[in-house]
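Here is my note on the model you sent round. Please keep the structure open while you read.

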Amino acid sequence: MLTLTQFVFLAAAIITLLAAIMVVTSRSMVHAALWLIMTLAGIAVFFVLLNAGFLAVVQVAVYIDAIAIMIIIVVMLTQRSMGVKDPQRNKTWWVALIAALLLCGSLVLMFTQTPLLGVEAPALTMGPEAMIEELGLALVDVDRYILPFEVASVLLLAALIGSIIVAWPGRINQEPEEES
Amino acid sequence: MIPLSWYIIFAAVLFSVGLYGALARRNALAILMAIELMLNAVNLNLVAFWRYLTPNMVSGKVFALVVFAVAASEAAVGLALIISIYRRRHTIAVEEIDMMKW
């Protein structure tokens with residue numbers, strides 16, 4: 001008999017997986033991007049089920065807000081390049097399918113035979129407020145995770161500057177058009 | 001309640017879907033989206049292991065947050081590259097982007 005959380009898990013898993021399959025198979029890039037948003041929202045449901053509410057909010061704010069919207073804008077900017085009627089898979093797509101199925105099958109086989117993975121979730125000792133506070137303090141504590149935190153911020157800044165330089169329009173127009 | 005293996009198996013299947021997309025698609029944008037799927041599967045694994053094995057430590061969540069930052073930078077740089085290539089070559093099909101191929 002399924003409990004309510006198990007039912008929620010299974011429903012979210014099925015919806016998320018179907019959306020993910022639509023992401024990699026749909027012919028229109030706009031549709032793929034919208035299915036990607038569906039998948040990301042499904043992952044946020046799992047974060048809530050895992051008592052990581054803060055990460056669920058970050059998932060919505062970073063992935064669905066920022067990344068997905070950016071992807072949709074680029075899809076619309078580059079839509080003239082590959083239409084819906086062009087082939088969307090390369091010539092060796094069946095090799096990719098076999099590789100993915102092999103990986104999936106062997107991982108699932110391995111995980112179903114590992115007894116460690118049958119554990120239940122232990123009870124949390126902290127409330128949700130205290131957990132977020134703990135996480136925030138851990139990120140700025142000199143003895144704990146300040147180095148990864150600062151490295152991530154520098155990485156974000158570098159990526160920001162780098163992407164502005166790469167996508168800068170003025171430089172390209174002065175160069176002669178490349179022979180293709 | 002939900003055993004840990006459900007999360008791990010779900011993440012493995014999601015990762016495989018993303019792997020297929022990254023290897024089989026011709027559109028550079030579609031490959032980027034498939035990579036986002038794989039990053040999400042890994043992130044879900046990190047959080048699931050945190051919740052089931054070390055719920056009193058924050059390392060799992062900190063790693064997940066770092067993965068968020070890496071995913072955001074990867075998307076920004078990847079999309080900038082795609083826009084730049086589209087300006088020069090008017091294509092985003094990966095087999096036509098072969099300037100660095102001998």
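The points below go from the domains of one chain to a single pair of helices.

1. First, a caution. This is a predicted model. Read each value below as computed from that model.

2. Start with chain A alone. It is divided into domain 1, residues 1-80, and domain 2, residues 130-168. The centres of these two domains of chain A, taken over C-alpha atoms, are separated by 24 Å.

3. Now bring in chain B. How many residues does each chain give to the contact? Chain A gives 75 residues, and chain B gives 67 residues.

4. Look at the side of chain A that touches chain B. The elements giving two or more residues to this side are α1 (4-25), α2 (29-49), α3 (53-77), α4 (93-112), α5 (128-140) and α6 (146-166) of chain A. Which one gives the most? That is α4(A), with 11 residues.

5. What is this side of chain A made of? Its residues divide into 57 nonpolar, 14 polar and 4 charged.

6. Next, one helix pair. α3(A) packs with α3(B), residues 59-89 of chain B, at an angle of about 10°. Their axes are 10 Å apart. Angles under 35 degrees count as roughly parallel, so α3(A) is roughly parallel to α3(B).

7. Find the residues where these helices meet. From α3(A), they include A:Leu55, A:Val62, A:Met70 and A:Leu77. From α3(B), they include B:Lys61, B:Phe68, B:Leu79 and B:Ile83. The residues of this helix contact divide into 18 nonpolar, no polar and 1 charged.

Notes: Residues numbered from 1 in each chain as written. Chains lettered and ligands numbered in written order. Predicted model: local features only at pLDDT ≥ 70, side-chain atom pairs only at ≥ 80, totals over all residues. Domains from an automatic or database assignment. Contact = placed C-beta atoms within 7 Å. Helix = DSSP H or I, 4+ residues; strand = E, 2+ residues; numbered from the N terminus. Nonpolar A, V, L, I, M, F, W, Y, C, P; charged D, E, K, R; others polar. Axes fitted to C-alpha atoms, helices over the stretch in contact; angles between N-to-C directions. Parallel < 35°, antiparallel > 145°, perpendicular 65-115°, else oblique.
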